[in-house]
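User: I'm new to reading protein models, and I'd like a close look at a single part of this one. Could you pick one helix and walk me through how it sits among its surroundings?

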Amino acid sequence: MINDVLVPGLVYGSLYGLVAVSLTVLHRPTRVLNFAQGDLVMLGAMTMAVLTLPWPLAAAIAAAGVAAVALVEERVAVAPVLRRSPYGSAWVITTLAFSLALNQLAGRLWTDEPRTVEPPASLSLDPLTFLGVRFNSYQLAVVLVTLGVVAALEAHARTRTGCAVRAVAADRDAARLRGIDPARLSRRAFLLGGALAGLTGALAAPLTLASVAMGFGLLIKGFFAAVLGGVGDVRGALLGGWIVGVVEAAGADYVSPGAQTAVLFAVTLAILLVRPQGLRGSEELRRV
């Protein structure tokens, strides 16, 4: 069970958790769930596939490039609709349209054929065994990087900027009256969320192969993880990602590889029937 379920579950769950974390970073100050996030991850992975540079430099370029694309998305697909209706849902259509545009553009630039991306030179995909547990050094690095990202975001949440983000998330108009600029925080959130998406693509590419079609699946698993953990909670997003990864691996191992999505849906539904707000979420009180 450890080698067939827990190890792959935690590794791939870390990737799903990173997608959920990037969705959370965007959602906190904007209340927007970015439907283009999966294609931003794909863009990071494809950038890694075409760059012939040392892995850390290529990953930095991928993160910076995807952050710039995410900022463009915020400027053309999110900010205009939030300016007209801060609590509306038009962003569902505009971010979905941006996702389709990105995917079509990627389809013109690259073929559908998956591309191999090597891990960093200091790491390997060759299996190691420690106390009976099989893993490789790159898988261990993916989990550690994910934990580092979550720790850094938790530390950032305690800064002055983090407090401002929470204030905007709680009440956008009241935050503006206190001198906080929600538009500036929105731009920063998309830059950071885009950089995280680019990093996720860079980390995922050596494990899943880089392909134009990889974004949709990661987006769905990221949504599952974000909702399971509690939308808006970074640690909950990681916890949700690990649950999604382990349940997916267990479904493939104990039921059938073709039924793992059905198993994941059933487990998610069961958890949400007990905790509709997610495992670490809190119920919102609305004054009427």
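Analyst: Happy to! Please keep in mind that this is a predicted model. Let's start with the inside and then come to the helix. The largest nonpolar core has 67 residues, and the members that touch the most others are Val 21, Met 48, Trp 55, Leu 153, Leu 203 and Val 244. Trp 55 is a good one to click on: leaving out neighbours within four places in sequence, its contacts are Met 48, Glu 118, Pro 119, Pro 120, Tyr 138, Ala 202, Leu 203 and Pro 206. Another core lies apart from the largest one; it has six residues, including Ala 164, Val 165, Val 168 and Leu 185.

Now for the helix, H5. Helix H5 covers residues 137-157. Its 21 residues reach 30 Å from the first C-alpha to the last, close to the 30 Å expected at 1.5 Å a residue. Two names you have just met belong here, since Tyr 138 and Leu 153 are both among the buried residues of H5. The others are Gln 139, Ala 141, Val 142, Val 143, Thr 146, Val 149, Val 150, Glu 154 and Ala 157. When you look at how these names are spaced, a general rule helps: an α-helix has 3.6 residues a turn, so residues three or four places apart point the same way.

What do the buried residues of H5 pack against? Their partners are the helices H1, H3 (55-84), H6 (160-170), H8 (182-208) and H10, together with strand S2 (133-135).

Let's zoom in on Glu 154, one of the buried residues of H5. Why does Glu 154 count as buried? Its relative accessible area is 17%, and buried means under 20%. Beyond its neighbours within four places in sequence, Glu 154 is in contact with Val 234 and Arg 235. With Arg 235 the side chain of Glu 154 forms a salt bridge, at 3.3 Å from N to O. Because Glu 154 lies in helix H5 and Arg 235 in helix H10, the pair ties together parts that are 81 residues apart in sequence. The two partners differ in cover: Glu 154 is buried at 17%, whereas Arg 235 is partly exposed at 45% relative accessible area.

The count of salt bridges comes to four, and another of them also reaches H10. Lys 221 and Glu 248 meet through their side chains at 2.5 Å, N to O. Lys 221 lies in helix H9 and Glu 248 in helix H10, so this pair ties together parts 27 residues apart in sequence. Here both partners are buried: Lys 221 has a relative accessible area of 16%, and Glu 248 has 10%.

A further salt bridge joins the side chains of Arg 280 and Asp 233, at 2.9 Å from N to O. Arg 280 sits in the segment after helix H11 (260-274) and Asp 233 in the loop between H9 and H10, so the pair links parts of the chain 47 residues apart. Arg 280 is partly exposed at 37% relative accessibility, while Asp 233 is buried at 18%.

Finally, look at the surface, where two helices that pack against H5 turn up again. H1 (2-30) and H10 (234-255) each supply at least two residues of a nonpolar patch. This patch is formed by Met 1, Ile 2, Leu 6, Tyr 254 and Val 255, with about 520 Å² of accessible area together. Leu 6, for example, lies in helix H1 and counts as partly exposed at 33% relative accessibility.

Conventions. Residues numbered from 1 in each chain as written. Predicted model: local features only at pLDDT ≥ 70, side-chain atom pairs only at ≥ 80, totals over all residues. Heavy atoms only, no water. Patch = residues over 30% accessible without salt bridge, like charges linked within 9 Å, V, L, I, M, F, W, Y side chains within 5 Å. Areas by Shrake-Rupley, 256 points an atom, 1.4 Å probe, with all protein chains shown as cover. Helix = DSSP H or I, 4+ residues; strand = E, 2+ residues; numbered from the N terminus. Buried < 20%, exposed > 50% of the residue type's maximum accessible area, 1.4 Å probe, protein only. Contact = heavy atoms within 4.5 Å. Core = buried A, V, L, I, M, F, W, Y, C linked by side-chain atoms within 4.5 Å. Expected span 1.5 Å × (residues − 1).
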